[in-house]
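Got the viewer open? Let's take a walk through this structure, one selection at a time.

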Amino acid sequence: MRLKDKVAIITGSASGIGEATAIKFAAEGAKVVVCDVNQAGVDKVVAALVAGGADAVGFVVDVTKTDTIAAMVAAVKEKYNRIDVLVNNAGIVMDAQLFKMSEDQFDRVIDVNLKGVYNCTKAVVDTMIAQNSGVILNASSVVGVYGNFGQSNYAASKFGVIGFVKTWAKELGKKGIRANAVCPGFVATPILNDMPEKVIQAMEEKVPMRRLAQPSEIASVYAFLASDEASYINGAAIEVTGGLTL
Ligand SMILES: NC(=O)c1ccc[n+]([C@@H]2O[C@H](COP(=O)([O-])OP(=O)(O)OC[C@H]3O[C@@H](n4cnc5c(N)ncnc54)[C@H](O)[C@@H]3O)[C@@H](O)[C@H]2O)c1
């Protein structure tokens with residue numbers, strides 16, 4: 001068990017990659033804090049984890065609302081007295097080509113995907129500094145390295161979270177804290193629901209493995225990066241694409 005007794009907060013963990021990460025972390029022995037705007041999803045994931053014998057708690061947290069983050073962090077510290085891992089996984093898409101993109105589409109995606117990562121990390125960093133240990137993991141994307149048609153807002157947010165980990169690696173490395181980003185290719189989750197089928201097929205054809213990733217294949221990378229096995233990986237943006245970009 002590579003994460004035995006580590007306290008891990010995972011945002012956006014009611015669905016998709018976040019849910020798979022919660023399941024993987026629990027299997028690796030972590031105490032899992034499930035956070036999402038979706039109350040029913042939080043309840044479902046926590047119930048499944050607890051039924052499987054895990055130590056898990058859930059909170060309705062909106063990463064754009066600092067009061068909900070602060071309440072969750074206070075409750076986690078009260079219950080577990082430490083925070084070992086933060087997975088900044090919550091994210092949304094609101095796609096449009098630049099010439100059609102509204103200010104609201106731009107602002108909302110930046111608010112959740114970029115400022116939300118800042119908000120959550122800011123809320124835990126003092127605790128990690130006091131412990132002299134911690135791991136911060138950000139959900140970037142292949143789009144955060146190469147850009148993508150129709151995703152100015154999303155690409156900017158995902159480039160931005162790589163900027164965070166490179167900066168935090170420099171600022172926090174000497175305080176025992178590692179920060180890394182994961183850049184998945186296309187993963188079979190509800191976030192792709194609005195993507196046209198022909199675009200998904202085109203993506204699959206570009207991948208040498210000829211398929212999308214499963215959420216568990218991204219969760220495994222988060223588990224490795226959260227574990228002490230990754231003790232010298234800091235400030236990295238790890239592509240997990242099945243070879244999409246080759
Ligand atoms: N699926 C992909 O192809 C893919 C590829 C690269 C990166 N990612 C990134 O992985 C992360 C997870 O995506 P997913 O594919 O599992 O999507 P998903 O839609 O299945 O899950 C995202 C979760 O985030 C939650 N969420 C949305 N806004 C929130 C907010 N303001 N506060 C808290 N929670 C909020 C949603 O309720 C949902 O449960 C995202 O950051 C996404 O950008 C996904």
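First, a bit of vocabulary: helices and strands here are DSSP runs, numbered from the N terminus, with at least four residues for a helix and at least two for a strand. One more thing before we set off: the model is a predicted one.

**Stop 1: Ala30**

Start by selecting Ala30, which sits in the loop between helix 1 and strand 2 (31–36). Is Ala30 buried or exposed? Its relative accessible area is 4%, and buried means under 20%, so Ala30 counts as buried. Now add Leu3 to your selection. Along the sequence, Ala30 and Leu3 are 27 residues apart, yet in space their C-alpha atoms are 5.0 Å apart.

**Stop 2: the ligand**

Next, click on the ligand, which sits in the largest pocket. Which elements give two or more residues to the shell around the ligand? They are helix 1 (16–27) and helix 6 (152–172), so colour those two if you like.

How many residues surround the ligand? There are 28, and the closest are Ser15, Ile17, Asp36, Tyr154 and Thr189. Try colouring the shell by residue type: you should get 16 nonpolar, 9 polar and 3 charged residues.

Now zoom in on some individual atoms:

- Select Ile17: one of its polar backbone atoms is 2.8 Å from an oxygen atom of the ligand.
- Select Asp62: here a polar side-chain atom lies 2.9 Å from a ligand nitrogen.
- Select Val63: this time a backbone N or O atom is 3.0 Å from a nitrogen atom of the ligand.

Switch on a surface if your viewer has one. On its own, the ligand has 820 Å² of accessible area, and the protein covers 92% of it.

**Stop 3: Gln151**

Move on to Gln151, in the loop between helix 5 (143–146) and helix 6. With a relative accessible area of just 3%, Gln151 is buried. Show its side chain together with that of Asn148: a polar contact of 3.1 Å joins the two.

**Stop 4: Val57 and Asp84**

Select Val57, which you'll find in strand 3 (residues 56–60). Val57 has 17% relative accessibility, and the cut-off for buried is under 20%, so Val57 counts as buried. For a distance check, pick Ile9 too: Val57 and Ile9 are 48 residues apart in sequence, and their C-alpha atoms are 9.6 Å apart.

Then hop to Asp84, in the loop between helix 3 (66–80) and strand 4 (85–88). Asp84 is another buried residue, at 8% relative accessibility. Pair Asp84 with Ile136 and you get 52 residues of sequence separation and 8.6 Å between the C-alpha atoms.

**Stop 5: two backbone oddities**

Here's some background for this stop: most residues other than glycine have a negative phi. Now select Asn132, in the loop between helix 4 (103–131) and strand 5 (134–139). What is the phi of Asn132? It is positive, about 60°, although Asn132 is not a glycine. As for its surroundings, Asn132 is partly exposed, with a relative accessible area of 47%.

Select Arg210 next, in the loop between helix 7 (197–206) and helix 8 (215–226). Arg210 has a positive phi of about 60° as well, and it isn't a glycine either. Is Arg210 buried or exposed? Its relative accessibility is 55%, and exposed means over 50%, so Arg210 counts as exposed.

**Stop 6: Gly243**

Finish at Gly243, in the segment after strand 7 (237–240). Gly243 is buried, at 15% relative accessibility. For a last distance, select Asp55 along with Gly243: they are 188 residues apart in sequence and 36 Å apart in space, C-alpha to C-alpha.

Terms used: Residues are numbered from 1 along each chain as its sequence is written. This is a predicted model: local features need pLDDT of at least 70, side-chain atom pairs count only at pLDDT 80 or more; totals for chains, interfaces and linings use all residues. Side-chain values use heavy atoms; hydrogens and water are left out. A residue is near a molecule or strand if one of its heavy atoms lies within 4 Å of it. A polar contact is a pair of N or O atoms within 3.5 Å; within protein, one must be able to donate a hydrogen and the other to accept it, and residues adjacent in sequence count only if both atoms are side-chain atoms. Accessible areas come from the Shrake-Rupley method with a 1.4 Å probe; for residues, only the protein chains shown count as cover. On a 1 Å grid over the protein atoms alone, a cavity is a set of points where a 1.4 Å probe fits but cannot get out, and a pocket is an open set with protein on both sides within 12 Å along at least five of seven lines; lining residues have an atom within 4 Å of a point. A molecule sits in a cavity or pocket if more than half of its atoms lie within 2 Å of its grid points. Ala, Val, Leu, Ile, Met, Phe, Trp, Tyr, Cys and Pro count as nonpolar, Asp, Glu, Lys and Arg as charged, and the others, Gly among them, as polar. Buried means under 20% relative accessible area, exposed over 50%, partly exposed in between (1.4 Å probe, protein chains only).
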